[in-house]
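Reader: I'm new to protein structures and would like to learn how to read one. Could you walk me through it?

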Amino acid sequence: MNSLMDFVIVGGGPTGVELAGALTELKKNVFPKDYKELDMRQMDIHLVEASPRLLNGMSTQAGEKAYQFLVEMGVKVHLNAAVKSYDGYEIILSSGERLISRTLIWAAGVKGNPIEGIGEAALTRGNRILVDAYNRVKGHENIFAIGDVALMEGDEKFPKGHPMMAPPAQQQGRLVAKNISNLINKKELKPFAYFDKGSMATIGRNKAVVDMRGGIRFQGFFAWYVWMFVHLMSIVGFRNKVFTFFSWMWNYFSYDRSNRLIIGRNEEKINQEELTKQST
Ligand SMILES: Cc1cc2nc3c(=O)[nH]c(=O)nc-3n(C[C@H](O)[C@H](O)[C@H](O)COP(=O)(O)OP(=O)(O)OC[C@H]3O[C@@H](n4cnc5c(N)ncnc54)[C@H](O)[C@@H]3O)c2cc1C
């Protein structure tokens with residue numbers, strides 16, 4: 001335990017899980033090369049989640065596998081533990097446990113940025129804006145809200161709102177554009193229906209979880225390849241896809257990052273400089 005080296009991530013959703021996995025890989029493969037003077041055994045990565053499981057938006061199977069992967073990688077996962085307070089040093093959990101860290105990373109959700117003019121009545125939990133099936137802001141005919149900030153009322157499949165992810169935002173954006181055109185042309189508006197292709201999260205090298213539409217679920221090596229393929233295909237432009245692909249291949253085989261921050265002299269270099277000074 002070392003307050004300057006330990007990381008506490010709050011929130012066991014895809015962001016927290018992916019971040020915990022990525023930090024663990026940095027600790028294992030990259031930091032020992034960059035910070036030779038540090039004893040990496042002192043670095044602990046904690047993931048704190050208020051509910052009894054990880055990846056609440058995904059299947060139980062995906063949540064359990066993500067937990068298993070992270071524990072195997074050395075992450076200290078705290079379930080049923082909400083953060084009660086943090087003073088920049090000490091984190092108190094609802095379980096009574098105390099963690100010490102100078103770095104706490106909040107991955108437990110985002111809050112909308114309300115703007116003046118949208119009445120209080122249209123705002124709900126996390127400052128999300130209540131909208132109807134056409135993404136019209138509650139109480140307004142000509143103001144629309146889409147994506148993370150919008151909470152659509154009346155969708156039986158998603159009573160707490162659509163997942164705060166890119167696909168609902170993109171799909172709503174496309175439909176609202178069409179509906180505005182329909183409004184101008186005095187045509188009927190089309191209600192929004194979320195087409196959920198599935199969810200996935202990557203935990204680390206060769207470790208991912210995938211829940212596909214139609215109940216198809218898989219985890220591990222193959223899931224990791226599927227994750228990479230889907231994300232590679234989402235990158236705009238052929239050149240960028242190829243560049244990213246080769247960059248990933250390089251990282252996979254080199255266990256390293258091409259970017260490097262040089263923030264100080266490491267012990268090896270200091271000793272060599274000292275030896276040179278002594279011999280001259
Ligand atoms: C760390 C992290 C990882 C994520 N990973 C994934 C993932 O792997 N897959 C996935 O599907 N989703 C992921 N998400 C969620 C995804 O990023 C969001 O769901 C998506 O970006 C929502 O799109 P949006 O257009 O609604 O909002 P945003 O992308 O947040 O865009 C809103 C924009 O509005 C701007 N803005 C805010 N207030 C104002 C104002 N008053 N005036 C003008 N501009 C303003 C903001 O600066 C921002 O640029 C991730 C989110 C985070 C935080």
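**Reading the model step by step**

Author: Happily! Let's begin with one residue: at 15% relative accessibility, Arg136 counts as buried, because buried means under 20%. Please keep in mind that this is a predicted model.

Reader: Which residue forms a salt bridge with Arg136?

Author: The general idea comes first. Side chains of opposite charge can pair when their charged atoms come close. In this structure, Glu141 forms a salt bridge with Arg136, and their closest N and O atoms are 3.6 Å apart. Glu141 is exposed, with a relative accessible area of 58%. The pair also belongs to a network of salt bridges that links Asp132, Arg136 and Glu141.

Reader: How many salt bridges does a search of the whole structure find?

Author: The search finds 4 salt bridges. One of them joins the side chains of Arg41 and Asp39, at 3.0 Å from N to O. Arg41 is exposed at 70% relative accessible area, whereas Asp39 is partly exposed at 29%. In another, the side chains of Glu90 and Arg98 meet at 2.1 Å, again N to O.

Reader: Let me step back to the whole protein. How many helices and strands does the secondary structure come to?

Author: There are 6 helices and 13 strands. The C-alpha trace spans about 85 × 50 × 40 Å along its principal axes. Of the 280 residues in the protein, 36% are buried.

Reader: There is a ligand too. Which residues are around the ligand?

Author: Thr15, Asn113, Ile115, Ile146, Gly147, Asp148, Met164, Met165, Ala166, Pro167 and Ala169 surround the ligand. By type, this shell divides into 7 nonpolar, 3 polar and 1 charged. Helix 3 (residues 166-184) supplies the largest share of the shell, with 3 residues.

Reader: How do I read the polar contacts there?

Author: Look for N or O atoms of the protein and ligand that lie within 3.5 Å of each other. A polar side-chain atom of Asn113 is 3.2 Å from a nitrogen atom of the ligand. For Met165, a backbone N or O atom lies 3.2 Å from an oxygen atom of the ligand. For Ala166, a polar backbone atom is 2.9 Å from an oxygen atom of the ligand. Taken alone, the ligand exposes 1,000 Å², and the protein buries 34% of that.

Reader: What about the surface? Which residues make a nonpolar surface patch?

Author: Phe238, Val242, Phe245, Phe246, Met249 and Phe253 make a nonpolar surface patch of about 660 Å². Take Phe238, which is found in helix 5 (residues 238-254). Phe238 counts as exposed because its relative accessibility is 68% and the cut-off for exposed is over 50%.

Reader: Now the backbone. What should I know about the phi angle?

Author: Most residues other than glycine have a negative phi, and most peptide bonds are trans. A positive phi outside glycine is therefore a feature to look for. Asn127 has a positive phi of about 60° although it is not a glycine.

Reader: Where is Asn127 placed?

Author: Asn127 sits in the loop between strand 8 and strand 9 (128-131). Its relative accessibility is 21%, so Asn127 counts as partly exposed. Asn135 also has a positive phi, near 65°. The loop between strand 9 and strand 10 (150-152) holds Asn135.

Reader: Is Asn135 buried or exposed?

Author: Asn135 counts as buried, at 0% relative accessibility.

Reader: How do I find residues that are apart along the chain but come together in space?

Author: Compare their separation in sequence with the distance between their C-alpha atoms. Gly112 and Gly126 are 14 residues apart along the chain, and their C-alpha atoms are separated by 6.1 Å. Gly112 is in the loop between strand 7 (103-106) and strand 8 (123-124), and at 18% relative accessibility Gly112 counts as buried.

Reader: What separates Gly154 and Asp132, in sequence and in space?

Author: Gly154 and Asp132 are 22 residues apart in sequence and 7.6 Å apart in space, C-alpha to C-alpha. Gly154 lies in the loop between strand 10 and helix 3 and is exposed, with a relative accessible area of 75%. Asp132 brings us back to the salt-bridge network it shares with Arg136 and Glu141.

Key
Residues numbered from 1 in each chain as written. Predicted model: local features only at pLDDT ≥ 70, side-chain atom pairs only at ≥ 80, totals over all residues. Heavy atoms only, no water. Near = heavy atom within 4 Å. Polar contact = N/O pair within 3.5 Å; in protein donor to acceptor, adjacent residues only side chain to side chain. Areas by Shrake-Rupley, 256 points an atom, 1.4 Å probe, with all protein chains shown as cover. Helix = DSSP H or I, 4+ residues; strand = E, 2+ residues; numbered from the N terminus. Nonpolar A, V, L, I, M, F, W, Y, C, P; charged D, E, K, R; others polar. Patch = residues over 30% accessible without salt bridge, like charges linked within 9 Å, V, L, I, M, F, W, Y side chains within 5 Å. Buried < 20%, exposed > 50% of the residue type's maximum accessible area, 1.4 Å probe, protein only.
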